[in-house]
Amino acid sequence: MLIDHPLLGPRDASEFIYMGDAKLLNRPNWKSQNSKTKFLDYGYLRKNPAGVHKELWYHEQGDRSWLLVTRNTVTHEILKVELARDTKGK
Amino acid sequence: MAKLDLKIKKPLDGYSKVINQIKIAEYQFDNLISLAIPLKTERKCKLNFKKSLGEPMPNIEKSIINKSGILGFRIGLDLLLVCNPSHSSFVKKTVPSLKQAFYITDQTGGWCGVRIDGDRVIEMLERICPLNLSQKIFAIGDVKRTIMDHLNVIIFRETEKKFILFSPSSSSGSFLKSIEISSSNI
């Protein structure tokens, strides 16, 4: 599988580590009223879809960047790759 | 007390061999340092790099070689490596100058260099390197960090058929073996 890195071009997936669901980018506010429930959801609950999924990949054997990859988990087709730092909070 | 005569021992002890017309030799250097760009100071670092090394700070996966033979390459948005083969004033002048803008870590003992050179070098690399090695994608002077035989490697293209591979010195023996085996198998 090739991941088309936004800065470096297509790179082999063996250079990357899969770091899980991209919902980890949106950490809940600990001051919010139902923060306990939100953190349970944030830490443990995943939708795990068979289809389009947004996920985090870390380029450990490369430039050490975090990527937000939109991938179809059924076909492994990669639909979009963005730098996580550019998408945080959007 | 006996007078000690200390000598630097390189990770591959000056290894050099030719296998299938590919010359494999340890690339020896005096210093290798990493430069980290502090948050929001890229402009200051660019000016400092130019002042300290006499060449503009390279873009990501690009390199420079200055008139003293010092090699600088950028392997991440905020990370560069500078390798000094033998310039004598590097530690006394260049490093203190770079320190005015960058976070610096001495990594001289952490890395080992291997220079590979020969007509069949691409054939050899294709067996272990997942990168596209065509010159359109990986031009002379480009540098990339990747994985070869499960080991972290920084590859620098010196000419069309000459490369320097930097791997962690702790696993340099294993990496050299994989280069030798790949060269024997072409």
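## Report on chains A and B of a predicted model

N48(A) is exposed, with a relative accessible area of 65%; here exposed means over 50% relative accessible area, buried under 20%, and partly exposed in between (1.4 Å probe, protein chains only). The structure is a predicted model, in which local features need pLDDT of at least 70, side-chain atom pairs count only at pLDDT 80 or more, and totals for chains, interfaces and linings use all residues. Residues are numbered from 1 along each chain as its sequence is written, chains are lettered from A and ligands numbered from 1 in the order in which they are written, and side-chain values use heavy atoms, with hydrogens and water left out.

**Backbone of chain A**

N48(A) sits in the loop that joins α1 (35–44) to β4 (52–58) of chain A. Helices (H or I, at least four residues) and strands (E, at least two) are DSSP runs, numbered from the N terminus. Most residues other than glycine have a negative phi. Two non-glycine residues of chain A with positive phi are listed below.

| Residue | Phi | Loop in chain A | Relative accessible area |
|---|---|---|---|
| N48(A) | near 50 degrees | between α1 (35–44) and β4 (52–58) | 65%, exposed |
| H76(A) | about 65 degrees | between β5 (66–72) and β6 (78–83) | 45%, partly exposed |

L79(A) belongs to strand β6 of chain A and is partly exposed at 44% relative accessibility. Apart from neighbours within four places in sequence, L79(A) contacts V52(A) and T70(A), a contact being heavy atoms within 4.5 Å. L56(A) is 23 residues from L79(A) along the chain, and their C-alpha atoms are separated by 14 Å.

**Chain A as a whole**

Chain A contains two helices and six strands, arranged along the sequence as β-β-β-α-β-β-β-α. The C-alpha trace spans about 45 × 25 × 20 Å along its principal axes. Of the 90 residues in chain A, 42% are buried. Among contacts in chain A with a separation of 6 or more, 45% join residues 24 or more positions apart.

The exposed area of chain A is about 5800 Å², of which carbon and sulfur atoms supply 53%; areas come from the Shrake-Rupley method with a 1.4 Å probe, and for residues only the protein chains shown count as cover. Chain A has 15 positive and 11 negative charges, whose mean positions are 12 Å apart. In this count Lys and Arg are positive and Asp and Glu negative, while His and the chain ends are not counted; each charge is placed at NZ of Lys, CZ of Arg, CG of Asp or CD of Glu.

**Helix α2 and cysteines of chain B**

Helix α2 (residues 90–99) of chain B has as its buried residues F90(B), T94(B), V95(B), S97(B) and L98(B). Viewed down the axis of α2(B), these fall within an arc of 160 degrees, so they line one face of the helix; the arc is that of the directions from the helix axis to the C-beta atoms. The face turned away from the buried side of α2(B) carries the exposed residues K92(B), K93(B) and K99(B). The buried residues pack against β3 (31–36), α1 (42–53), β6 (79–84) and β7 (103–106) of chain B.

With a disulfide defined as a pair of cysteine sulfur atoms within 2.5 Å, the count over all chains is zero. C45(B) is in no disulfide, and the nearest cysteine sulfur, that of C83(B), is 20 Å away. C45(B) is buried, at 0% relative accessibility. The sulfur of C112(B) is 11 Å from the closest cysteine sulfur, in C83(B), which is too far for a bond. C112(B) is also buried, with a relative accessible area of 1%.
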